[in-house]
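Hi everyone, thanks for making time today. I'd like to walk you through a structure that may be new to you, so let me put it up on the screen.

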Amino acid sequence: ESRSFEDLSKEFDAIPKMDKNRSTNVGLNNQHKSRYNDIDPYDFNRVRLPFDPIEEQNNNNVNNNNNISLNSMNSNNNDFINASHITGFANRKYIAAMGPKKETIADFWRMIWDNNIQMIVMLTNITEGDGQEKCAKYWPFRSGNLIIELIEEIILGDYIQRKFRFLEINSNQSREISHLQFTSWPDFGTPSISHGLVKLIRKIKFDYWDKEQNPQLLPPLVV
C-alpha cells in the first residue's frame, strides 16, 4: 500500500514526544547545565557522571548565585549531564547527548572517559547560519586532569573524520577516540538528500559496529 508524504507526516506527528509516565526531575533541577530547557532526560536511563568534588563546588556556586535552594535540588546533582542511555537495533548501545555548552565541556569528557567511549558521532555544526552557537567546540580541551588533543582531521564531503588523544592525568592513561561530524544537516528540518547521511552510516557500521561480532560487547556509541 502506497501512502502520501502527508500521511507519513501525520503518523510521525502522532508519535508521543514524551512519556508522561516517566519522570525527568533531575533534569528539571539542573536546567542550567542544559543547552535547551525543554528537553530533559528521563531519570531512569539518564547518564550519571562520576563524582567530581571540583565540579560539585562549581555547581554550588551557580546555585547560590541564582538563588536556587540546594534543599530543592537533587542531592546528587553533580552527576547530571543531559544525556541518555539507549538500546537500539540488534541490542546496540548508544548514548544520546545534547551538544555541550562551554561550561559543561568538562562534564561531556568525563562522560566519555567513564563510559569508555571509542567513537563520537556529531550531527550538528558548531554554529547556525546566523552565527548562533549550536554546540560548543569541545576540542582540543584541557581542564584539571583531562587533556584532549586533536591528532587527525580529514574532510570528506558531507562529514569530517577526526581522531582525538584523551589523557586522564590522575590514572596516567590515554585513549584514542574517533570523531565523525556530519556537516550537511540544515539548521531546520532534515537533509534534502540522503546520500551523505547514508555514507556516514556506512562509515560508522564499517569502523565501529562490524569490528565486534556481538555489539553488546562494545561501549556505547555517543551521538
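We'll look at how some strands pair, and then at a few backbone details.

Please keep in mind that this is a predicted model.

Let's begin with strand 8, residues 173-182. Which way does strand 7 run beside strand 8? Strand 7, covering residues 159-168, is antiparallel to strand 8, and 10 bridges join the two. If you'd like a landmark there, find R165, which stands opposite E176 in strand 8. The hairpin of strand 7 and strand 8 has four residues between the strands, and in this hairpin N172 takes a positive phi near 55 degrees.

Strand 8 also pairs with strand 4, residues 119-122, this time in the parallel sense, over four bridges. Here M119 stands opposite S178 in strand 8.

Now for the backbone. As a reminder, most residues other than glycine have a negative phi, and most peptide bonds are trans. With that in mind, here are some spots to look at.

Go to the loop between strand 2 (80-87) and strand 3 (93-97), where you'll find A90. A90 is not a glycine, yet its phi is positive, at about 60 degrees. Its relative accessible area is 41%, so A90 counts as partly exposed.

N116 sits in the loop between helix 4 (105-114) and strand 4. N116 isn't a glycine either, and its phi is positive at about 55 degrees. With a relative accessible area of 36%, N116 is partly exposed.

Finally, where is P140? P140 belongs to the loop between strand 4 and strand 5 (141-143). The peptide bond leading from W139 to P140 is cis, with omega near -20 degrees.

Definitions and conventions:
Residues are numbered from 1 along each chain as its sequence is written. This is a predicted model: local features need pLDDT of at least 70, side-chain atom pairs count only at pLDDT 80 or more; totals for chains, interfaces and linings use all residues. Side-chain values use heavy atoms; hydrogens and water are left out. Two strands pair if DSSP finds at least two bridges between them. Buried means under 20% relative accessible area, exposed over 50%, partly exposed in between (1.4 Å probe, protein chains only).
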